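Subject: Handover of a structure and the findings on it

Dear colleague,

I am pleased to pass the following structure on to you, together with an account of what was found in it. Please keep the sequence and the structure open as you read.

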Amino acid sequence: MSKTETVESIFVSWAHAHPSWDDERTSHWESTVFSFVELVRSNGIYADVDLYHLSERGIDWTRYGPQAIEKADMVLIAVSDAYKERWEGRNRPTEGAGAAREANVLKGIFDQDQSIFMKKAAVVILPGASAEDLPSELYCLPRFKVRALDSTDIEDLLRMLRAQPKYKPWPVGEPRGVDASDDKDLLHQYRERVRARYAHLDLQSIPVEFEQHRDIELHRLYIKLRSLPKSRQSNHLQVSPDTSVEQIADEIRHIGEQQWQAFHQEPTKQQHQIATPEEVIQRGENAIVMLGVAGAGKSTMMRALAHECAEIDDERLPLYVQLSRVDNLLAQRKADNLIDAVLLLVVRHIASADKRQRLKDEISVAIDAKRVRFLFDGLDEVHSSRMEELREDLIELANISGNRVSVTSRPTNYSFLSGYAHYEILPLRPTDSQEFIEHWFDVLYDMGSERAMGRQDWIRDRVAWLNDQLDDRPQLRDISLNPLMLTFLAILAGEEPRGNLPQFRKDLYREYVDRLFTKWEGQRGPDKNLGDELTIGDLGGAKARSAATWALNRIGVLVHEGYYGESPETMPTEAMIISSLAQDSKANPAFFGETPENLPRGLLNFWEQAGLLNTYALAGKNWYLFRHQTFQEYGAARALASEYSSDVDGLWGRLRPHLFKPGWSEVPPLALACLADVGADVSHVLSPLIKTCESKEERELLLFCARCIAEGSNVALEVREALLAELARIANTDYEVEDSLRSLVSVGWSYPNQVLPLLERIVESDSRDWRKIRAAEAIGKLGSRRMAFPILEKFARDRSIETGWRVVAAWTLGRLGFKETAIDVLKVLAYIEDDQCRAVEAILEFGDVGEAKRILIELGTGKARGWWLRRVCEKLSEIDRSEAIQVLSSLIGETGVSIDDQLYAAGKIGQLSK
């Protein structure tokens, strides 16, 4: 690191205690060091200290200090009499191993290269320490006396870290005949900086304790997004003048339900138009806009594009900027226009004014020569007062022939930019989510200390468990298809998802609302920076977050009852929602005080900007609908539980009429479960519904009770036991077997010790084979994989069992983590005519593409005919189009192949050749 480079990360080396110190002094010194590190971090510099990791599981303290020193740009030594003893080797040999080890590492750096040591280390003398505590060997280092723990007292230290000297020499003047290669070196250095800066994922804005994110390389977790061309559309819908309010609500609800359904389906009719943003850029589009909802991965995508462009010297020079920063410069009149702001931002890291100006000049030349790629991130974060000016600059930039411009924005309130091709970022596919989860645990494996399991077994065990959660909680699908929400889920899961993830869905959703959306959104938008608190109107910090959470729940119940209730007076229009929020907030003066008139509008706008609300203009009114159905239902449940927190019977009276009605499958069990947060017991509500079921209605009520308990409702032990006993009885009958087993599993996630014995009895009974297979699968899902393995393997290999159930048993083995055994069995089953395609699909799911392709080619050119041939060729074309064409070509004119099969082959060849 040169003297003019800024320090981006520091590590604080210190000694915790001295034998002569009492407990009070030891505690005070620890508090002083912690406050100092927090002060440095609050001034925009990443600082690490061992105190942050004291409660971390799996940390290896013999390696922590040396590795932290190696990773940090600079080490600050907080001296004390205890540290001086460690440095000089005068401490007791049984004390202070951590500080002594760090001192030895620093001494090793000095021995290897003294100049590196001088740039690597500095001394801080904190309150409670003195210059006498400085070891003589450290006199050569810069030292900073900190008298009070505030920013003004560490100004000199910050200037050194930021390479911003207080006194600068007068410029000597430009030397004559500067070699032209020097400026070429500047551009090369710029590319290197872009490569280094965007080589890692930016997870700092996700509000969880996860300091290791600094070391996660982009390529290890980055999943390329997919996009579709976006036509200019309007949310202004047309209706006839005589359309009733109820009909309008039905129309919007229908639109919303179509969108919720489409969110989980591939756009098959437009499959040929789907492309990654990288592919779109490679096609040579001059100007593109990528539209994506909050958390769709737009910023990570732009960072990846910048890194990719910087990797190739012949590629255009990447100029990646956040438009919110451009907006700030324009607002402060530090830049005259868009290009001026871009130049200021991309060279701001250079301390030397002369060098900074020369790089600006070189980049200006590259811009004029059309040798750059503009990457503008976050148009939606520009202040409305400057939006039109910036839009005009972007349009003008796109209209200049030869420029390459990429822009990202959220779709909320977006107006199309003329001259730009527009694309919509699609949700992740299930295969993308699966790949991300596997890569995430692969990263976590490297972050821990010694493992009791090998890498693949460790990863497979955790991935299988998390996948089971997503399979058995279909309501979590929205979370798994949004990159930000999936990343948050993976970070929450951590190394041990069974212990780290919230046990109940209501608590997981609360983590998303309270910790992700409100904190993350607090850092977005005009004049916002990383670490900024949320502000809504006059409210800030924790109070603003609480108000936002309250508003989300209130909007949730208003919208849900508006579309799925029976009262036309509560239709979820903008005016109705704002009026209700205003009325409800005034009824709570203890929290809101004197409610400003613009607060309800600000709360509604906040959630719309966060991407959780859609708005539609119809019949002169704005109507609201949640983008994700699951958060609408959660908000409604939380609001109802809060309203009836001390009145369980009142809540049940409100919910009971809606049971089993369209749109109400999730709200009642979630609402009753939310009462557990205030200690309310709902046994007297559920107990009358649990009985020996003799009718379909009674079974539906029993399954509803299972849902309530699985979601976290507070009930007496005897109520839960009665429920499980009846579910187990039904699982041994021929009615609602699948539903009862699923309910046992859902309750079993929280109460495995009560559920596992019931499932084991089913396996050991005289039940039918398929029922035993399903019960064994449930046992495996609830954590007893080793118990499930011999049962499932026996069924998979038993030739006396129906082939279809053998495939199910083998498939289940693979999903529980025993992929090698599953593939071994499926290779045999793939040649049995009734189920060979299902067997091949399972082999594909478990990652053996080569084996699946070999089987399909052999079947396609062998005995497969009729519908069987069609299934084989369809599956093969998904894996390898050219191989499928070859197989189909071999069938045309072949003796023994029917005319219908040959016609199918010819048509399919034409389709695949397009």
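In this predicted model, residue L552 is found in helix 22, which covers residues 541–564. The relative accessibility of L552 is 0%, and L552 therefore counts as buried, a class that takes in values under 20%. Leaving aside residues up to four places away in sequence, L552 touches V513, W607, L612, F626 and G635. The residue F606 stands 54 residues from L552 in the sequence, and their C-alpha atoms are 9.6 Å apart in space.

For the chain as a whole, the secondary structure comes to 42 helices and 16 strands. The chain has 914 residues, of which 51% count as buried. If one takes the contacts between residues at least 6 apart in sequence, 69% of them join residues at least 24 apart.

Packing of helices

Two packed helices are described by the angle between their axes and by the distance between those axes. Two pairs are reported here in those terms.

The axes of helix 28 (residues 667–674) and helix 30 (residues 696–710) come within 8 Å of each other and cross at roughly 45°. Because angles from 65 to 115 degrees count as roughly perpendicular and those under 35 as roughly parallel, an angle of roughly 45° makes helix 28 oblique to helix 30. The crossing of helix 28 with helix 30 is right-handed. Helix 28 contributes P668, P669, L672 and A673 to the contact, and helix 30 contributes F704, R707 and C708. By class, the residues of this contact are six nonpolar, no polar and one charged.

The second pair is helix 13 (residues 338–346) and helix 14, whose axes are 10 Å apart and which pack at an angle of about 135°. Helix 13 is therefore also described as oblique to its partner, helix 14. The crossing of helix 13 and helix 14 is right-handed. On the side of helix 13, the contact is made by I339, L343, L344 and V346, and on the side of helix 14 by K360, I363, S364 and I367. The contact of helix 13 with helix 14 divides into six nonpolar residues, one polar and one charged.

Salt bridges

Side chains of opposite charge can pair when their charged atoms come close. The structure holds 28 salt bridges, and three of these pairs are described below.

Which parts of the chain does the pair of R386 and D327 link? R386 forms a salt bridge with D327, with 2.5 Å between the closest N and O atoms. R386 belongs to helix 15 (residues 384–399) and D327 to helix 12 (residues 323–331), so the pair links distant parts of the chain, 59 residues apart. R386 counts as buried because its relative accessibility is 16%, and D327 is buried with a relative accessible area of 0%.

The salt bridge of R358 with D354 has its closest N and O atoms 3.5 Å apart. R358 and D354 are four residues apart in helix 14 (residues 353–368), which means that about one helical turn separates them. With a relative accessible area of 34%, D354 is partly exposed.

In the third pair, D507 forms a salt bridge with K506, and the closest N and O atoms are 3.2 Å apart. D507 and K506 are both buried. Through salt bridges that share partners, K506, D507, R510, R638 and D677 are joined into one network.

Residues with a positive phi

Two residues deserve a note on their backbone. R333 has a positive phi of about 60° although it is not a glycine. Its place is in the loop between helix 12 and helix 13. Is R333 buried or exposed? With a relative accessibility of 73%, R333 counts as exposed.

F660, likewise not a glycine, has a positive phi of about 70°. F660 is found in the loop between helix 27 (648–655) and helix 28. The relative accessible area of F660 is 45%, and F660 is therefore partly exposed.

With kind regards

Terms used: Residues numbered from 1 in each chain as written. Predicted model: local features only at pLDDT ≥ 70, side-chain atom pairs only at ≥ 80, totals over all residues. Heavy atoms only, no water. Axes fitted to C-alpha atoms, helices over the stretch in contact; angles between N-to-C directions. Helix = DSSP H or I, 4+ residues; strand = E, 2+ residues; numbered from the N terminus. Parallel < 35°, antiparallel > 145°, perpendicular 65-115°, else oblique. Left-handed = near helix turned anticlockwise from the far one by under 90°. Contact = heavy atoms within 4.5 Å. Nonpolar A, V, L, I, M, F, W, Y, C, P; charged D, E, K, R; others polar. Buried < 20%, exposed > 50% of the residue type's maximum accessible area, 1.4 Å probe, protein only. Salt bridge = Lys/Arg side-chain N within 4 Å of Asp/Glu carboxyl O.
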